[in-house]
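I opened this model today with a fresh notebook page and a few simple look-ups in mind. Here are my entries, in the order I made them.

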Amino acid sequence: LVLLPAHDRLLTTAPTVESGDPLELFLTAVRTLTPRDRLLLSLKAQGLSYREIAAAAGIRESSIGRLLARALARWQRARAAMSHT
């Protein structure tokens, strides 16, 4: 899954988790993230190195590991919260 800035519009629709559909749960969790978190996680999921992610996101390479860890933690918390609803 590649998330581009153009997809932000699609990810800001009202979340619905009633269906229990795994894809809908995934997208609902992604919707809770900031655009920067979505970008970082998407770039990492595509297999980019920290150096490549830094260049693409305009962030210092030395910050990428910390920012990715925080973004992943926020996404995991969002998914866990939805699993309990």
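**Contacts along the chain.** I began with contacts, meaning heavy atoms within 4.5 Å. Among those in the protein chain between residues at least 6 apart in sequence, 50% join residues at least 24 apart. A note to self on the source: this is a predicted model, where local features need pLDDT of at least 70 and side-chain atom pairs count only at pLDDT 80 or more, while totals for chains, interfaces and linings use all residues. Residues are numbered from 1 along each chain as its sequence is written, and side-chain values use heavy atoms, with hydrogens and water left out.

**Elements.** I listed the secondary structure next, taking helices (H or I, at least four residues) and strands (E, at least two) as DSSP runs numbered from the N terminus. The protein chain has four helices and zero strands, in the order α-α-α-α from the N terminus on.

**Burial.** I called a residue buried under 20% relative accessible area, exposed over 50% and partly exposed in between, with a 1.4 Å probe and protein chains only. Of the 85 residues in the protein chain, 29% are buried. In helix α1 (residues 22–31), I found E24, L27, T28, A29, V30 and R31 buried. The buried residues of α1 pack against α2 and α4.

**α2 against α4.** For helix pairs I used axes, which are lines fitted to C-alpha atoms over the stretch in contact, with angles from 0 to 180 degrees between N-to-C directions. The axes of α2 (residues 35–45) and α4 come within 9 Å and cross at roughly 105 degrees. The pair is therefore roughly perpendicular; the classes are roughly parallel under 35 degrees, roughly antiparallel over 145, roughly perpendicular from 65 to 115, and oblique for the rest. On the α2 side, the contact is made by R36, D37, L40, L41 and K44, and on the α4 side by I64, L67, L68, A71, L72, R74 and W75. I sorted these by class: Ala, Val, Leu, Ile, Met, Phe, Trp, Tyr, Cys and Pro count as nonpolar, Asp, Glu, Lys and Arg as charged, and the others, Gly among them, as polar. That gave eight nonpolar, no polar and four charged residues for α2 with α4.

**α3 against α4.** I repeated the look-up for this pair, and the axes are 8 Å apart at an angle of about 95 degrees. That makes α3 roughly perpendicular to α4. Y50, R51, I53 and A54 of α3 meet E61, I64, G65 and L68 of α4. By class, this contact has five nonpolar, one polar and two charged residues.

**Cores.** Which residues make up the largest nonpolar core? I took a core as a set of buried Ala, Val, Leu, Ile, Met, Phe, Trp, Tyr and Cys residues joined through side-chain atoms within 4.5 Å. The largest one has eight residues: L40, L43, I53, A54, I59, I64, L67 and L68. Helices α2, α3 (50–57) and α4 each supply at least two of them, and α4 gives the most, with three. Another core lies apart from this one and has six residues, among them A29, V30, A78 and M82. I also looked up A54, which touches I59, R60, E61 and I64, not counting residues up to four places away in sequence.

**Salt bridges.** How many salt bridges are there? With a side-chain nitrogen of Lys or Arg within 4 Å of a carboxyl oxygen of Asp or Glu as the rule, I counted two. R74 pairs with D37, the closest N and O atoms being 2.7 Å apart. This pair links helix α4 to helix α2 across 37 residues. R74 is partly exposed at 32% relative accessible area, whereas D37 is buried at 1%. R51 pairs with E61, with 3.6 Å between the closest N and O atoms. R51 lies in α3 and E61 in α4, so the bridge ties together parts 10 residues apart in sequence. R51 is exposed at 59%, and E61 is partly exposed at 38%.

**The end of α4.** My last entries concern two residues of this helix. A81 is in α4 and is partly exposed, at 46% relative accessibility. A81 and A29 are 52 residues apart in sequence, yet 9.0 Å apart from C-alpha to C-alpha. S83 belongs to α4 (residues 61–83) too, and is exposed at 55%. The C-alpha atoms of S83 and L25 are separated by 8.3 Å, with their places 58 residues apart along the chain.
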